[in-house]
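Me: I'm new to reading structures like this one. Could you take one strand, look at it closely with me, and then follow where it leads?

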Amino acid sequence: MGYTIAQKIIKNHLVCGEMKAGEEIGLKIDQTLTQDATGTMAYLQFEAMGIDRVKTELSVAYIDHNTLQAGFENADDHRYIQTVAKKHGIRFSRPGNGICHQVHLERFSKPGKTLIGSDSHTPTAGGIGMLGMGAGGLDVAVAMGGGTYYITMPKMIKINLVGKLSDYVGAKDVILEVLRILGVKGGVGAIVEYGGEGVKTLSVPQRATITNMGAELGATTSIFPSDEVTKAFLSAEGRVEDYIELSSDADAQYDAEYTVDLSKLQPLAACPHSPDNVKPVSELSGMKINQVCIGSCTNSSMQDMLTVAAMLKGKTVHPDVSLSISPGSKQVYTMLAECGALADLIDAGARILECACGPCIGMGFSPKSAGVSLRTFNRNFLARSGTADAQVYLVSPETAAASAVAGVFTDPTTLGVAPVVTMPTAFTINDNLVEMPASESEADAVVVERGPNIKPIPVGKAPEKDLRGELILKVGDDITTDHIMPAGTKVLPYRSNVPKLSEFCFTVCDKDFPERAKARGGGVIMGGQNYGQGSSREHAALVPLYLGIKAVVAKSFARIHVANLINFGIVPMTLKNADDYEKFAQGDALEIKDFAAAVAGKTETTLVNVNTGESATLCLNLSSRQREMLLAGGCLNYTKNQK
């Protein structure tokens, strides 16, 4: 039996375990990336391990999230990351250089290599044939120290692409169609691989748009072949030496296969408040809109920007619409200026933002009250935009541009022949905003600067013999890390200050949760299906740890979040019978006898509702390594014990 693309990369990087779906495997990691919303904590954890220098082939620290400097906090964190990176052998991408995934795709991603990043959209690199996976900051810190990265061996899903995209239909419409087919849980436990003749018609930036939003499927990652299209992109970036051909074997086997006919696709939109709530734009045509945001790591490439500029040239944004544009990188921004496309955007009335995540994470440009906002981003979770009652739709750059001019939802295919966009064969290369680290001989002289907003990391404790506590919060299905630990201008500056950050925990669901958790001394959280989907932010585990949460019970968990819970010593358990969810109410007193023994070696335990006497069987789907981590109180303690 042959191998898929992902299986070939896994095989070449396998440290331990067997490549059988569902089994835990350990991988050697070639590259890591962090961004500033998660990076501060990752580097604090790396320092806590006592390792002098990173051991990866390449590690890059990006500043792209917390760039709105309304106080000292973000600037202080940037300086901390800059100095700690210089000391420990990490390249530092300065503010203004661009969004981590776009810059990494342009300058550092390599076919056939492994990458983990403390951001859930790290699979963007799959567009170039790299095995890129989102991970918690602590997992990234361990990998930087030369440690193994552990995942459950995924199943393999293949999406066969046939045909060619029509005018005004983009790569965003491809992934929205896949989300419509599979849903936000359809990729859980799997790697999604794209193949078929249609692949050859898609550029690397288009492929990266598709793999970027594979995170919304819940997939471990997504990946495309590395072919002549890949080679041309790397050549344009001056990195043709990084090219290798990479494809699946003819007899590779997949657990599921689907076909998407590119020629039959029409413009699509993900409606509020989920990326899989997909409808044709034609069904939404005429709906009045208030805001359009173009950019983010999903759709901020040179190809996307040139497409939008061509559509807006000579036109004016509707007076009732506010349009923002965020180029993905300094390279893109510079080339837009050089070719005149930037002037076309400005003349049309676009508000040009810096090369950063910005509105995608609620960092400015929030919609008006109950506003309708069309965004080329990857997530439209409730309140993520910074406006609680906003109606956010995810669309392609083509749909966004057409609608911005019209003032209403507009199907761009009604506009006639699309303008011709020609991509340059060579990109402007200037890595002057990527700082190289100090040499090993110079590292001792580098002083790491820490601002007053950086607080100590909470450390977990070993589980108690018996677990007793209140069901402190009960939530439903598809709870995201944005629900657990919101982003935005008010919250993100405190990512390295867990005590302050705790004031915002779960407030999207229950504004009283932080104070109640503190008053009760913590307890247990219960959730529904797909608990913890979305961002890789480990703060969604770290802050509940600080608030005293000992365990989370759910019908099912998202991959990265369950790993983060274990990393910080919070025990994740699933209901054996999903209907038992109804036996428990918020405020009930709970008990699990012989809890520590169950964590140590049992696959099942019993949760008792002390108030009603009812009980439920819980499953502990843990590897022996994860059990040892939990018994040590989390990964930091476990790692120290291994020395």
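Which residue in E12 stands opposite Leu161?

Reply: Happy to help! This is a predicted model, in which local features need pLDDT of at least 70 and side-chain atom pairs count only at pLDDT 80 or more, while totals for chains, interfaces and linings use all residues. Residues are numbered from 1 along each chain as its sequence is written, and side-chain values use heavy atoms, with hydrogens and water left out.

Now to your question. Opposite Leu161, in E12, stands Val260. The names E and H stand for strands (E, at least two residues) and helices (H or I, at least four residues), which are DSSP runs numbered from the N terminus.

Let's look at strand E9, residues 155-162. Six of its eight residues are buried, so the strand is largely enclosed by the rest of the structure. Buried means a relative accessible area under 20%, exposed means over 50%, and partly exposed lies in between (1.4 Å probe, protein chains only).

E9 has a partner in E12 (residues 256-261): the two run parallel and are joined by six bridges. Two strands pair if DSSP finds at least two bridges between them. E9 is also joined to strand E10 (residues 190-195), again in parallel, by six bridges. In that pairing, Lys158 faces Glu193 of E10. Helix H6 (residues 171-182) completes the picture, for E9, H6 and E10 make up a right-handed β-α-β unit. Right-handed here means that, with the strands pointing away from the viewer, the path from the first strand over the helix to the second runs clockwise.

The loop between E9 and H6 deserves a stop, as Tyr168 is placed there. Its phi is near 70°, a positive value in a residue other than glycine. As general background, most residues other than glycine have a negative phi, and most peptide bonds are trans. Tyr168 is buried, with a relative accessible area of 8%.

E10 and H6 lead us on to helix H7 (residues 204-212). Nine of the nine residues of H7 are buried; among them are Val204, Arg207, Ile210 and Asn212. The elements covering these residues include H6, E10, helix H4 (100-107), strand E11 (221-223), helix H8 (228-236) and helix H9 (302-312). Covering is a matter of contact, which means heavy atoms within 4.5 Å.

H9 brings us to another unusual backbone angle. Ser296 sits in the loop between strand E15 (291-294) and H9. Although Ser296 is not a glycine, it has a positive phi of about 75°. Ser296 is buried too, with a relative accessible area of 1%. A further backbone feature is the peptide bond from Pro272 to His273, which is cis, with omega near -5°. His273 belongs to the loop between strand E13 (268-270) and strand E14 (278-280).

For a second example of parallel strands, turn to E23. Five of its six residues are buried. E23 pairs with E22 in the parallel sense over five bridges, and Gly523 stands opposite Ile549 in E23. The chain goes from E22 through H17 to E23 in a right-handed β-α-β crossover. E23 also pairs with strand E24 (residues 571-575), in the parallel sense and over four bridges. Here Ala554 is opposite Thr574 in E24. With H18 between them, E23 and E24 make a right-handed β-α-β unit.

Lastly, the interior. A nonpolar core is a set of buried Ala, Val, Leu, Ile, Met, Phe, Trp, Tyr and Cys residues joined through side-chain atoms within 4.5 Å. The largest core has 102 residues, and Phe506, Phe513, Ile525, Tyr531 and Met573 touch the most other members. Helix H5 (residues 137-144) gives the most to this core: six residues. Leaving out residues up to four places away in sequence, Met573 touches residues including Val552, Ala554, Phe557, Phe595 and Leu620. Apart from this core lies another, of 57 residues, among them Phe108, Leu284, Val395 and Tyr168. That takes us back to your strand, since Tyr168 lies in the loop between E9 and H6.
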